[in-house]
Amino acid sequence: PYIASGELPTLQREVRREPAMALDGGTDGLDFYRSVCRLWRDVLHTGSRLAFEVGIGQADDVLRLMRGEGFGELEILPDPAGIPRVVTGLRYQEVYADA
């Protein structure tokens with residue numbers, strides 16, 4: 001669920017057959033990532049790793065969301081085509097606000 005709501009009608013017909021909840025990521029396509037970051041921050045032990053597969057153009061935004069929820073040592077990994085595709089980070093003990 002990482003596609004912005006406004007983009008759903010523009011998807012290929014085969015993709016639109018998927019249930020909307022499997023595709024619709026809210027206004028900016030990031031609702032799923034926000035929700036998981038918030039929920040898992042309180043469940044994961046310090047030092048646990050969280051990783052997301054992200055859509056094209058979303059890696060930097062997801063990295064910022066993770067940082068804001070207390071994840072650090074953040075990394076963006078490319079897929080075989082060189083497209084930023086995975087964002088990963090460790091659950092830190094404390095959340096540090098950006099200076």
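# Notebook: a chain of helices and strands

**Entry 1. Overall layout.** I read the protein chain along its sequence and noted the pattern α-α-β-α-β-β. That gives three helices and three strands. I keep in mind that this is a predicted model. The chain has 99 residues, and 34% of them count as buried. I looked up the exposed surface as well: the protein chain exposes about 6,500 Å², with carbon and sulfur atoms supplying 54% of it. For contacts with a separation of 6 or more, I found that residues 24 or more positions apart account for 48%.

**Entry 2. Helix H2.** I asked which residues of H2 are buried. In this helix, which spans residues 31-41, they are Tyr 33, Val 36, Cys 37 and Arg 41. They sit on the same side of H2, because the arc they cover around the axis is only 115°. I then looked for what covers these buried residues, and the cover includes strand E1 (49-53), helix H3 (59-68), strand E2 (71-78) and strand E3.

**Entry 3. Helix H3.** I made the same search in H3. Its buried residues are Ala 59, Val 62, Leu 63, Leu 65 and Met 66. Their arc around the axis is only 160°, so they too lie on the same side of their helix. The cover over the buried residues of H3 includes H2, E1, E2 and E3. After H3 I came to Gly 70, which has a positive phi near 95°.

**Entry 4. Glu 73.** I looked up the backbone of Glu 73, a residue of strand E2. Its phi is positive, about 45°, although Glu 73 is not a glycine. I noted this since most residues other than glycine have a negative phi. Is Glu 73 buried or exposed? Its relative accessible area is 52%, and the cut-off for exposed is over 50%, so Glu 73 counts as exposed.

**Entry 5. Thr 88.** Thr 88 lies in strand E3. Its relative accessibility is 5%, so I put it down as buried. I looked for a polar partner and found the side chain of Arg 49, joined to the side chain of Thr 88 by a polar contact of 3.2 Å. Leaving out residues up to four places away in sequence, Thr 88 touches Arg 49, Leu 50, Ala 51, Met 66, Glu 73, Leu 74, Glu 75 and Leu 77. Glu 73, from the previous entry, is thus one of the residues in contact with Thr 88. Met 66, also on that list, is one of the buried residues of H3.

**Entry 6. Arg 91.** I moved along to Arg 91, which is found in the same strand, E3 (residues 84-91). What is the nearest side chain of opposite charge to Arg 91? The nearest is Asp 42, 5.1 Å away. A salt bridge needs the atoms to be within 4 Å, so this pair does not make one. Arg 91 is buried and has no salt bridge. I did find a polar atom of the Arg 91 side chain 2.6 Å from the backbone oxygen of Arg 41. Arg 41 is itself one of the buried residues of H2. With residues up to four places away in sequence not counted, Arg 91 touches Arg 41, Leu 44, His 45, Thr 46, Gly 47, Ser 48, Gly 70 and Phe 71. Gly 70 on this list is the glycine I noted after H3.

**Entry 7. Salt bridges.** How many salt bridges does the model have? The count comes to four.

- In H2, Arg 34 and Asp 31 lie three residues apart, about one turn of the helix. Their side chains meet in a salt bridge, 3.1 Å from N to O. Arg 34 is partly exposed at 23% relative accessible area, and Asp 31 is partly exposed at 39%. I also found Asp 28, Asp 31 and Arg 34 linked in a network of salt bridges.
- In H3, Asp 61 and Arg 64 are likewise three residues apart, about one turn of the helix. The closest N and O atoms of their salt bridge are 2.5 Å apart. Asp 61 is partly exposed at 31% relative accessibility, and Arg 64 is partly exposed at 48%.
- Asp 79 forms a salt bridge with Arg 85, with the closest N and O atoms 3.3 Å apart. Asp 79 is buried, its relative accessible area being 18%.

How values were computed
Residues numbered from 1 in each chain as written. Predicted model: local features only at pLDDT ≥ 70, side-chain atom pairs only at ≥ 80, totals over all residues. Heavy atoms only, no water. Helix = DSSP H or I, 4+ residues; strand = E, 2+ residues; numbered from the N terminus. Buried < 20%, exposed > 50% of the residue type's maximum accessible area, 1.4 Å probe, protein only. Lys, Arg positive; Asp, Glu negative; His and termini not counted. Polar contact = N/O pair within 3.5 Å; in protein donor to acceptor, adjacent residues only side chain to side chain. Contact = heavy atoms within 4.5 Å. Arc of directions from axis to C-beta. Areas by Shrake-Rupley, 256 points an atom, 1.4 Å probe, with all protein chains shown as cover.
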